[in-house]
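Biologist: I would like to learn how to read a model like this one. Could you walk me through it?

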Amino acid sequence: MIRFIRNWLIGAAIVLTLTGAAMWYMGKHELRWQPPTRPPAWEAKAAKSGTVPVTNAKPLKRAQPVRIYIPKIRVWARIEPRGLRRNGAVGVPSLKTPFLTTWFDRGPAPGQRGTAAIYGHVDADKVGPAVFYRLGSLRRKDLIYVTLASSDVAIFRVYSIAMYAKTQFPTATIYRYTHWPTLRLITCGGRFDPATHHYLSNVVVFASYVGARR
Amino acid sequence: MRFVKPVIVTACVSTAWLAAMVLAGPTPSTSAAPAKSVATSVSAEHLTTRVSPDPSAPGTRTTFDVYCGPHAFSATLFGVTLGMANLILMHSTPGGMSGEFSLTVTLPTSIAPGTYHPSVDCSNGAADTFEFSVSPVPQQPPETGDGATATQTGTPLVPIGYGLMTLGVLAGGVALRRRVMARH
């Protein structure tokens with residue numbers, strides 16, 4: 001009986017140690033999260049051409065956006081206004097609030113004529129994937145709902161999605177004035193440079209206003 | 001001679017006014033909050049001006065429309081205020097009324113955000129000042145992420161692995177101890 005217990009213990013020790021070592025190795029070398037999705041190159045065509053889809057909906061008056069809802073990637077987030085920093089970069093949410101988005105309040109509001117821009121983090125320490133982690137998964141015709149302080153919900157339809165290297169960030173393409181209300185959703189993406197602790201690209205979603213509801 | 005004198009006086013006044021406008025140069029103010037969609041005339045009674053879009057932005061194609069009133073056959077925009085050519089001839093609005101002129105320009109990408117007051121001068125003597133705003137545009141790409149999903153494992157497998165290995169070592173220790181005790 002004692003021999004049986006001893007053999008059983010030896011067997012258990014071997015199995016536990018080997019299993020533990022295998023799990024430790026996998027945990028150390030396998031990523032739990034996939035890197036953020038990269039949009040396919042063909043989705044950037046419409047952004048390059050500069051053609052904006054237009055409908056006969058009535059553009060909205062300026063009102064501060066307060067919430068954004070993107071069903072396709074399960075985003076339901078608060079929006080806060082931000083201006084520009086001294087270096088000319090737009091203010092973005094703190095990494096301590098990775099599920100918050102910000103709106104560039106010096107430009108048009110969503111639903112107004114022109115290009116409104118909303119920013120969100122792709123990932124953040126301790127939480128992993130952040131609010132715009134799946135932004136690269138959006139495709140043409142996906143819908144985006146932006147709730148305004150006026151209680152209107154401006155509805156946008158994605159018409160292009162592109163990834164741009166930060167060293168060649170096309171400011172004019174992204175922020176140029178459009179005579180129809182358009183929306184840009186912007187986050188980081190592409191390869192991460194551990195030396196600088198920055199992503200090397202930005203993912204930009206181009207969406208066009210299709211109407212509003214209360 | 002009676003007719004020549006007023007003409008000379010008018011020419012002198014016009015020249016002085018033109019020189020003053022040119023020397024005035026860019027006058028952006030610090031307030032650039034986007035507000036109204038149509039800029040209105042501020043000085044001439046019969047002159048109507050419009051800027052679209054307002055506010056505009058650096059590098060944006062911006063249209064200036066002016067109605068000078070009847071009997072005007074040309075209009076000139078003073079572009080130096082906007083960092084462009086000094087005198088820019090406006091075009092007759094296609095299909096518009098007589099005296100309607102329009103000009104579409106791309107604002108320089110270097111233009112500073114603020115409120116601008118470019119002037120327009122009509123051939124019938126009417127003159128006016130537009131007022132419109134230039135909003136700032138972010139010049140740097142945003143930094144939105146710290147690479148957590150690219151660099152961190154964030155997985156519970158590591159501590160679980162450590163736990164199992166510890167249990168294995170303990171079980172092995174107990175087995176060896178029993179073996180030693182059994183010998184004695």
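Biologist: Why is β9(A) largely enclosed by the rest of the structure?

Modeller: One thing to keep in mind as we go: this is a predicted model. To judge enclosure, we count neighbours, and a residue is buried if 20 or more other C-beta atoms lie within 10 Å of its own. In β9(A), eleven of the 13 residues are buried, so the strand is largely enclosed by the rest of the structure.

Biologist: Which strands does β9(A) join by bridges, and do they run parallel or antiparallel?

Modeller: For pairing, look at the bridges and the direction of each partner. β4(A) and β9(A) run parallel and are joined by six bridges; for instance, Tyr119(A) has Ile186(A) of β9(A) as its bridge partner. β10(A) runs antiparallel to β9(A), with ten bridges between them. Here Cys188(A) is matched with Asn202(A) in β10(A).

Biologist: What lies between β9(A) and β10(A)?

Modeller: These two strands form a hairpin, with four residues between them. In the turn, His197(A) has a positive phi of about 60°.

Biologist: Now the chain-to-chain contacts. How many residues of each chain are involved?

Modeller: On chain A, 63 residues are in contact with 44 residues of chain B. Several elements of chain A each supply at least two residues to the side that touches chain B, including β4 (114-120), β9 (181-193) and β10 (198-213). The largest share, 17 residues, comes from α1(A). Sorted by class, that side of chain A has 38 nonpolar, 16 polar and nine charged residues.

Biologist: And how is chain B built?

Modeller: Chain B has three helices and ten strands. Reading from the N terminus, one helix is followed by the strands, and two helices close the order: α-β-β-β-β-β-β-β-β-β-β-α-α. Of its 184 residues, 34% count as buried. For the fold, ask how far apart in sequence the contacting residues are. Among contacts in chain B between residues at least 6 apart, 62% join residues at least 24 apart.

Biologist: Which residues have the most contacts inside the largest nonpolar core?

Modeller: The general idea is that in soluble globular proteins, nonpolar side chains tend to be buried together. In this model the largest nonpolar core has 75 residues, and those with the most contacts inside it are Ile118(A), Val205(A), Val66(B) and Cys68(B). Beyond its neighbours within four places in sequence, Val66(B) is in contact with residues including Leu47(B), Ala75(B), Met90(B), Phe101(B) and Val120(B). A second, separate core of eight residues includes Leu9(A), Met23(A), Leu164(B) and Met165(B).

Note on methods
Residues numbered from 1 in each chain as written. Chains lettered and ligands numbered in written order. Predicted model: local features only at pLDDT ≥ 70, side-chain atom pairs only at ≥ 80, totals over all residues. Contact = placed C-beta atoms within 7 Å. Nonpolar A, V, L, I, M, F, W, Y, C, P; charged D, E, K, R; others polar. Buried ≥ 20, exposed ≤ 12 C-beta atoms within 10 Å, placed from the backbone. Pairing = 2+ DSSP bridges. Core = buried A, V, L, I, M, F, W, Y, C linked by C-beta atoms within 7 Å.
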